[in-house]
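Me: Could you take a close look at the cavity and the pocket in this structure, and then at a few single residues that deserve attention?

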Amino acid sequence: MIVLNGGSSSGKSGIARCLQAVLPEPWLAFGVDTLVDAMPASMRASDAGIEFAPDGEVIVGPEFRTLETAWIEGIAAMARSGARVIVDEVFLGGAESQRRWQKALDGVGVLWVGVRCESEVAAAREVARGDRVTGMAASQADVVHRGVFYDLEVDTTRSESMECARIIADRVR
């Protein structure tokens, strides 16, 4: 299993797609955005669900945490069943977010990868994407890495997704 952690617009999803192209075996890719998109719209505007503040802050409530826990456990079950899995995550809680994954993935071989990107570059990507609340990339660029340990780190500030994917793939082989 490969866990990619980085802030919004840092390049995690692009790296995941490139990893699927360069790794010799088939790998499934799942992102936290998939979880958010799968939730009912009512949870995206609720204190109990997930809220996106005008300044880019992301606030999660208890119903979101319940569904997130089930999602994490489900991905862990797929990995235990033999699926090769890449997860594209945003550890809003830094080390505490990683601990939730570590607990679920106990006994599973995991490559923890930090995906870094200078906040100015991520913010420019965020604007170009047009599908994120402005400010999200800058607010997450550093906080998602606080207290998190990695086996490997890549920086997409000046490196393309494919270059980063090849570095990661070399560690997997």
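Reply: What follows goes through the enclosed space, the open pocket and then three single residues.

This is a predicted model, in which local features need pLDDT of at least 70 and side-chain atom pairs count only at pLDDT 80 or more, while totals for chains, interfaces and linings use all residues. Residues are numbered from 1 along each chain as its sequence is written, and side-chain values use heavy atoms, with hydrogens and water left out.

On a 1 Å grid over the protein atoms alone, a cavity is a set of points where a 1.4 Å probe fits but cannot get out, whereas a pocket is an open set with protein on both sides within 12 Å along at least five of seven lines; lining residues have an atom within 4 Å of a point. Grid points are joined across faces, edges and corners, and a volume is the space filled by probe spheres set on the points.

The structure holds one cavity of 30 Å³ or more, and the largest cavity has a volume of about 40 Å³. Its lining is formed by G7, S8, S10, V115, R116, C117, A122, A141 and H145, which divide into four nonpolar, four polar and one charged residues (Ala, Val, Leu, Ile, Met, Phe, Trp, Tyr, Cys and Pro count as nonpolar, Asp, Glu, Lys and Arg as charged, and the others, Gly among them, as polar).

The largest pocket has a volume of about 570 Å³. Of the 35 residues that line this pocket, V32, D33, V90, R132 and M136 are the closest to its centre, and by class the lining has 14 nonpolar, eight polar and 13 charged residues.

Turning to single residues, S9 lies in the loop between β1 (2–5) and α1 (12–22), where helices (H or I, at least four residues) and strands (E, at least two) are DSSP runs numbered from the N terminus. S9 has a positive phi of about 65 degrees although it is not a glycine; most residues other than glycine have a negative phi. S9 is also buried, with a relative accessible area of 6% (buried means under 20%, exposed over 50%, partly exposed in between, with a 1.4 Å probe and protein chains only).

E89, in strand β5 (residues 85–89), is buried yet has no salt bridge (a side-chain nitrogen of Lys or Arg within 4 Å of a carboxyl oxygen of Asp or Glu). The nearest side chain of opposite charge to E89 is R100, 6.8 Å away, with Lys and Arg counted as positive, Asp and Glu as negative, and His and the chain ends not counted.

Finally, T34 is found in helix α2 (residues 32–38) and is partly exposed, with a relative accessible area of 45%.
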